[in-house]
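Thank you all for coming. I would like to walk through one structure with you this morning, beginning with a term that we will need along the way.

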Amino acid sequence: TNAASLMAKIARMDLPLKWHELIPTLVEGVKCAQGIVHQIKQQPQSQQMQHHQQIFQTILYNTMNSLEAVLSEIATQRLLVDKKHRNSIALQHLGSIVESALIP
């Protein structure tokens, strides 16, 4: 989406000095939305619950889309300091991303 693309462009310019909490926030948002969607699926399906499920699935999709756009944009950085930051992001958050089933 346009919002995810804009967020990725800003993140490319601002990371790591500013907005350093962006990636952990997106990863946590994905985990929370996945947990809520999973809980809703286990409930009896009323019309209201189906509506809530659609809302949280949309939130999950948008959060995952934003995370993917930011990570893709960061991957295009070529300076050594940016590469070091990208590697530190991978070390800190790759486990959470895989645990959340974002990467098979």
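When I call a residue buried, I mean that its relative accessible area is under 20%, while exposed means over 50% and partly exposed covers what lies in between. With that cut-off in mind, Glu73 counts as buried, because its relative accessibility is 16%. We will come back to Glu73.

Before going further, I should say that what you see is a predicted model. The mean pLDDT of the protein chain is 81, and 88% of its residues reach 70 or more. Among the elements, helix H1, residues 2-14, has the highest mean pLDDT, at 88, whereas helix H4, residues 80-99, has the lowest, at 71.

Let me turn to the overall layout. The secondary structure comes to four helices and zero strands, so that, reading from the N terminus on, the elements run α-α-α-α. Of the 104 residues in the protein chain, 29% are buried. The chain exposes about 7000 Å², and carbon and sulfur atoms supply 60% of that area. If we take the contacts between residues at least 6 apart in sequence, 65% of them join residues at least 24 apart.

Now to the second helix. How does the span of H2 compare with what 1.5 Å a residue would give? With its 21 residues, H2 should span 30 Å, and its end C-alpha atoms are in fact 31 Å apart, which agrees. The buried residues of H2, which runs over residues 22-42, are Leu22, Ile23, Leu26, Val27, Val30, Ala33, Val37 and Ile40. Seen down the helix axis, these buried residues fall within an arc of 160°, so they line one face of H2. As background, an α-helix has 3.6 residues a turn, so residues three or four places apart point the same way. On the other side of H2 we find Thr25, Gln39 and Gln42, which are exposed.

One further residue of this helix deserves a mention, and that is Ile36, which is found in H2 and counts as partly exposed, at 30% relative accessibility. Ile36 and Gln57 are 21 residues apart in sequence, and their C-alpha atoms are 9.1 Å apart in space.

The third helix, H3, covers residues 47-74. H3 has 28 residues and reaches 41 Å from its first C-alpha to its last, which is close to the 40 Å expected at 1.5 Å a residue. Its buried residues include Met49, Gln53, Leu60, Thr63 and Asn65, and also Ser66, Leu67 and Glu73. Take Ser66 as one of these: this residue of H3 is buried, with a relative accessible area of 9%. Leaving aside residues up to four places away in sequence, Ser66 touches Ala4, Met7 and Leu26.

We can look at H3 from the side of the first helix as well. Ala8 has its place in helix H1, and at 3% relative accessibility Ala8 counts as buried. What does Ala8 touch, if residues up to four places away in sequence are not counted? Ala8 touches Ala69, Val70 and Glu73. Ala8 and Leu67 are 59 residues apart along the chain, and their C-alpha atoms are separated by 8.4 Å.

That brings us back to Glu73, and to the matter of charge. In general, side chains of opposite charge can pair when their charged atoms come close. How many salt bridges does a search of the whole structure find? The search finds two. In one, Lys9 pairs with Glu73, with the closest N and O atoms 3.5 Å apart. This pair links distant parts of the chain, since Lys9 lies in helix H1 and Glu73 in helix H3, 64 residues apart. Lys9 is partly exposed, with a relative accessible area of 48%, whereas Glu73, as I said at the start, counts as buried at 16%.

In the other salt bridge, Arg12 pairs with Glu73, and here the closest N and O atoms are 3.4 Å apart. This pair also links distant parts of the chain, with Arg12 in helix H1 and Glu73 in helix H3, 61 residues apart. Arg12 counts as partly exposed, at 32% relative accessibility. Through these salt bridges, which share partners, Lys9, Arg12 and Glu73 are joined into one network.

Conventions
Residues numbered from 1 in each chain as written. Predicted model: local features only at pLDDT ≥ 70, side-chain atom pairs only at ≥ 80, totals over all residues. Heavy atoms only, no water. pLDDT = per-residue confidence, 0-100. Helix = DSSP H or I, 4+ residues; strand = E, 2+ residues; numbered from the N terminus. Salt bridge = Lys/Arg side-chain N within 4 Å of Asp/Glu carboxyl O. Buried < 20%, exposed > 50% of the residue type's maximum accessible area, 1.4 Å probe, protein only. Expected span 1.5 Å × (residues − 1). Arc of directions from axis to C-beta. Contact = heavy atoms within 4.5 Å. Areas by Shrake-Rupley, 256 points an atom, 1.4 Å probe, with all protein chains shown as cover.
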